[in-house]
Amino acid sequence: MPHRTTALRTTALRLAAPVAVLALALTACGGGDDGSGADAKGGATTEATTQASPSPSQPASGGDMAQGESASGKVAEGPGEVTYDVLAQKVEVGTEAEAAKAVADAADAKGKVLATAHIKYTHQGGPALTEGSDVHDGTTVFADGQRGGVLIGAAEDAPGCEDPYDAESWKQGESHVFCETYVIPAGATSVEVHWSEEDGEPYVWKFPQK
């Protein structure tokens, strides 16, 4: 799972939950898409990626998406390559008090809130899945241009969220909603959900905050 592995290479803080121990991986500071899953995994800078023209055999992907607009992308799964329809449905942003309760040391969450993104994935083409899915690995959450810190294991049991590794016998035409919880600065004016194919540019859904 390249996207999640990249995030965990950064400084890690230990978190405590009533049932499980969670890990918060904080990314390095930086604006724009410098920390997007595709860029970080591939080791290429945003500037270099932006200036490079796609080859005829590799059509351009990614870009800003309207709310309610879905993207299409391919993911290498266990049984073979699967085409997915991807839609970021919403982002639920919590309070500083809720973030403080989620961590072992409340000081680690000072000035931070939890942001849980709900993403709907629809199997559009390719073999049926038999042992879960890796489609969610391409998802990251940004706030005001900076990637948040991923909160591992926090969202699978949230209302409306499913565990991607329970998505067995996932056939064409079926949909599942997976969630990603990130820690972002309190008071962020814009939260973005990014999803990208491996080595692809991210599709971006923006959710302005009041």
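Is Asp166 buried or exposed? Asp166 counts as exposed, at 59% relative accessibility. The cut-off for that word is over 50% relative accessible area, so Asp166 passes it.

Before I go on, please keep in mind that this is a predicted model.

Let me start with the overall picture. The protein has 210 residues, and 43% of them count as buried. Its secondary structure consists of twelve strands and four helices. Now the contacts. Taking those with a separation of 6 or more, 70% are between residues 24 or more positions apart. As for the surface, about 10,600 Å² is exposed, and 50% of that comes from carbon and sulfur atoms.

Back to Asp166. Where does Asp166 lie? Asp166 is in the loop between strand 9, residues 149-151, and strand 10, residues 175-185. One pair to look at here is Asp166 with Thr130. In sequence these two are 36 residues apart. In space, from C-alpha to C-alpha, Asp166 and Thr130 are 9.5 Å apart.

Asp166 also belongs to a patch. Which residues form this negative surface patch? They are Glu131, Glu162, Asp166 and Glu168. Membership requires over 30% relative accessible area, and Asp166 has 59%.

I will finish with two other aspartates, and with their backbone angles. As background, most residues other than glycine have a negative phi. Asp144 and Asp199 are two residues with a positive value.

Take Asp144 first. Its phi is near 50°, which is positive in a residue other than glycine. Asp144 sits in the loop that runs between strand 7, residues 139-143, and strand 8, residues 146-147. How accessible is Asp144? Its relative accessibility is 44%, so Asp144 counts as partly exposed. That label covers the range from 20% to 50%.

Now Asp199. What is the phi of Asp199? The value is near 65°, again positive in a residue other than glycine. Asp199 is found in a loop as well, the one between strand 11, residues 190-195, and strand 12, residues 203-208. With a relative accessibility of 61%, Asp199 counts as exposed.

To recap the three aspartates on the model: Asp166 is in the loop between strand 9 and strand 10 and is part of the negative surface patch. Asp144 is partly exposed and has a positive phi. Asp199 is exposed and has a positive phi too.

Notes:
Residues numbered from 1 in each chain as written. Predicted model: local features only at pLDDT ≥ 70, side-chain atom pairs only at ≥ 80, totals over all residues. Heavy atoms only, no water. Helix = DSSP H or I, 4+ residues; strand = E, 2+ residues; numbered from the N terminus. Buried < 20%, exposed > 50% of the residue type's maximum accessible area, 1.4 Å probe, protein only. Contact = heavy atoms within 4.5 Å. Areas by Shrake-Rupley, 256 points an atom, 1.4 Å probe, with all protein chains shown as cover. Patch = residues over 30% accessible without salt bridge, like charges linked within 9 Å, V, L, I, M, F, W, Y side chains within 5 Å. Salt bridge = Lys/Arg side-chain N within 4 Å of Asp/Glu carboxyl O. Lys, Arg positive; Asp, Glu negative; His and termini not counted. Charge placed at Lys NZ, Arg CZ, Asp CG, Glu CD.
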